[in-house]
Amino acid sequence: AQLADSGELKNKRVFIRADLNVPLDDQGRITEDTRIRASVPGIKLALDAGAAVMITSHLGRPTEGELKPEDSLAPVAVRLQELLGQPVRLLTNWLDGVDVSAGEVVLLENCRCNVGEKKDSTELAQKMAKLCDVYVNDAFGTAHRAEATTHALALQAPVACAGPLLAAELEALGKALREPKRPMVAIVGGSKVSTKLSILQALAQKVDQLIVGGGIANTFMLAAGLSIGKSLAEADQVGQARSVIEMMQARGAAVPIPVDVVVATAFSASAQAQVKAADAVQPDDLILDIGPKTTEQLAEILAKAGTIVWNGPVGVFEFDAFANGTKGVARAIADSDGFSIAGGGDTLAAIAKFGISNQVGYISTGGGAFLEFLEGKTLPAVAALEQRA
Ligand code: 3PG
């Protein structure tokens, strides 16, 4: 069930579990607010329907049982207040009762600080269920976690439904996977094969072309017998990389291995960047980006794609000298006529940096949840809502 059809909300106490887990800098300032902005429509929907609205989210991975200043949702409350254009009161110690009237919004402090949240405690969920008439899960980014506010509460609340963001994510991503326009191309970057192995294996059974980038591509270069100097790679994952290459070969598609790379001898924004052929990497070279010929090849593949799935940059795009590969990929995705879906924190940052957000078909607010959904895993938060439907 969705929020829009969950009945009369006037004067009802609506508890919204959102994912407001945004990146903060060392001063506690929000560096990227996509998730907060994406949560606004669900909150407005409840407010416009005359509900008394309480919202909670986790922030980071705090120790349960205490609320350290750096774990507080205070910066989020300020941003939410600006976006909603109305006061947002931040409440601590909210488990024993919440005072909120129709038309008001309160933000309940970091739910992961409550004892039992991470363990999906039924007892904790029963306490939270007493606070509300309707529970709304609009936290797609946390849908892969079975925690008290994402799972047990969905089973305990008087009424449980999906918010508009959760519903839109499932709809957009589900459609792209169920009925992909072919050829379907996935581009997976990031630093480690080990953390993305299951998604690489799942995609290798589904897509027509699989492109790897970043540190992941370094391990694939090793698998292809190339030297990568002192670049980031996982020697113990070479066998796994080979098996992914073979899975794609069995589907009649080679995994493109970079033909050229951008190297430096130090990992720094001011390091001297040098383009080298992939077979000319020296022992003290660090590969920090794909080279222009490789970028061109990938752009050609992306130009012909019917569907594109993008997770992870192909180089150290935070440093301008090593941003051209990711920029080229971003531009190719923007220019492609195919339907593109993208997700993950670094990917969102790259999309923002290269200004292509309006040219991506669907930008997911999920990181881990986006990947698990693509892998075809059941998301516990969604399963709990389905159980109630
Ligand atoms: C995320 O940032 O991917 C979600 O908010 C989930 O956070 P978690 O990995 O700490 O559970």
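# A tour of the predicted model

The protein chain holds 13 helices and 14 strands. The model is a predicted one.

**Whole chain.** Start with the full C-alpha trace. Along its principal axes the trace of the protein chain spans about 65 × 45 × 35 Å. The radius of gyration is 22 Å, which agrees with the value near 21 Å that a compact globule of 389 residues would have. Of these 389 residues, 51% count as buried. Take the contacts between residues at least 6 apart in sequence: 71% of them join residues at least 24 apart.

**The ligand.** Select the ligand and show what surrounds it. The residues around the ligand are Asp19, Asn21, Arg61, Gly141, Thr142, Arg145, Gly367 and Gly368. Sorted by class, this shell has five polar and three charged residues, and no nonpolar ones.

Next, colour the positions that a UniProt record marks. In an unreviewed entry, UniProt places the feature "binding site" at Asp19, Leu20, Asn21, Arg35, His58, Leu59, Gly60, Arg61, Arg112 and Arg145. Two of these positions are worth selecting in turn.

- Asn21: go to the loop between β1 (13–17) and α1 (34–48). Asparagine 21 counts as buried because it has 23 C-beta neighbours inside 10 Å. Setting aside residues up to four places away in sequence, asparagine 21 touches Arg35, Ser57, His58, Leu59, Gly60 and Gly141.
- Arg61: go to the loop between β2 (52–56) and α2 (74–84). Arginine 61 has 9 C-beta neighbours inside 10 Å, so it counts as exposed.

**A further set of annotated positions.** The unreviewed UniProt entry also gives "binding site" at Lys196, Glu318, Gly344, Gly345, Asp346 and Thr347. Gly344 and Asp346 can be inspected as follows.

- Gly344: this glycine lies in the loop between β13 and α11. Glycine 344 is buried, because 22 other C-beta atoms lie within 10 Å. Its contacts, not counting residues up to four places away in sequence, are Asn311, Gly312, Gly367 and Phe370. Gly367 is also one of the residues around the ligand.
- Asp346: this aspartate sits in helix α11. Aspartate 346 has 18 C-beta neighbours inside 10 Å and therefore counts as partly exposed. Outside its neighbours within four places in sequence, aspartate 346 is in contact with Gly190, Gly312 and Pro313. Gly312 also appears among the contacts of glycine 344.

**Helix α10.** Select residues 324–335. This helix, α10, has 12 residues and reaches 16 Å from its first C-alpha to its last, close to the 16 Å expected at 1.5 Å a residue. Is α10 mostly covered or mostly open? It is mostly covered, with nine of its 12 residues buried. Those buried residues are Asn324, Gly325, Thr326, Lys327, Gly328, Val329, Ala330, Ala332 and Ile333. To see what covers the buried residues, add the surrounding elements, which include the strands β7 (184–188), β11 (286–290), β12 (307–311) and β13 (339–342), and the helices α9 (292–303) and α11 (345–353).

**Valine 100.** Move to the loop between β3 (88–91) and β4 (105–108), where valine 100 is found. With 19 C-beta neighbours inside 10 Å, valine 100 counts as partly exposed. Leaving aside neighbours within four places in sequence, valine 100 is in contact with Ala52, Met54 and Val106. Then draw a distance from valine 100 to valine 316: the two are 216 residues apart in sequence, and their C-alpha atoms are 46 Å apart in space.

**Backbone details.** Finish with three places in the backbone. Most residues other than glycine have a negative phi, and most peptide bonds are trans.

- Pro183: a cis peptide bond joins arginine 182 and proline 183, with omega at about -5 degrees. Proline 183 is in the loop between α5 (164–178) and β7. Strand β7 is among the elements that cover the buried residues of α10.
- Asn93: this residue has a positive phi of about 45 degrees although it is not a glycine. Asparagine 93 is in the loop between β3 and β4, and with 10 C-beta neighbours inside 10 Å it counts as exposed.
- Asp120: phi is near 60 degrees, again positive in a residue other than glycine. Aspartate 120 is in the loop between β4 and α3 (122–129). Aspartate 120 has 20 C-beta neighbours inside 10 Å, so it counts as buried.

Methods:
Residues numbered from 1 in each chain as written. Predicted model: local features only at pLDDT ≥ 70, side-chain atom pairs only at ≥ 80, totals over all residues. Near = placed C-beta within 6 Å. Nonpolar A, V, L, I, M, F, W, Y, C, P; charged D, E, K, R; others polar. Helix = DSSP H or I, 4+ residues; strand = E, 2+ residues; numbered from the N terminus. Rg over C-alpha atoms; globule rule 2.2 N^0.38 Å. Contact = placed C-beta atoms within 7 Å. Expected span 1.5 Å × (residues − 1). UniProt positions renumbered as here; feature names shortened; annotations may be inferred.
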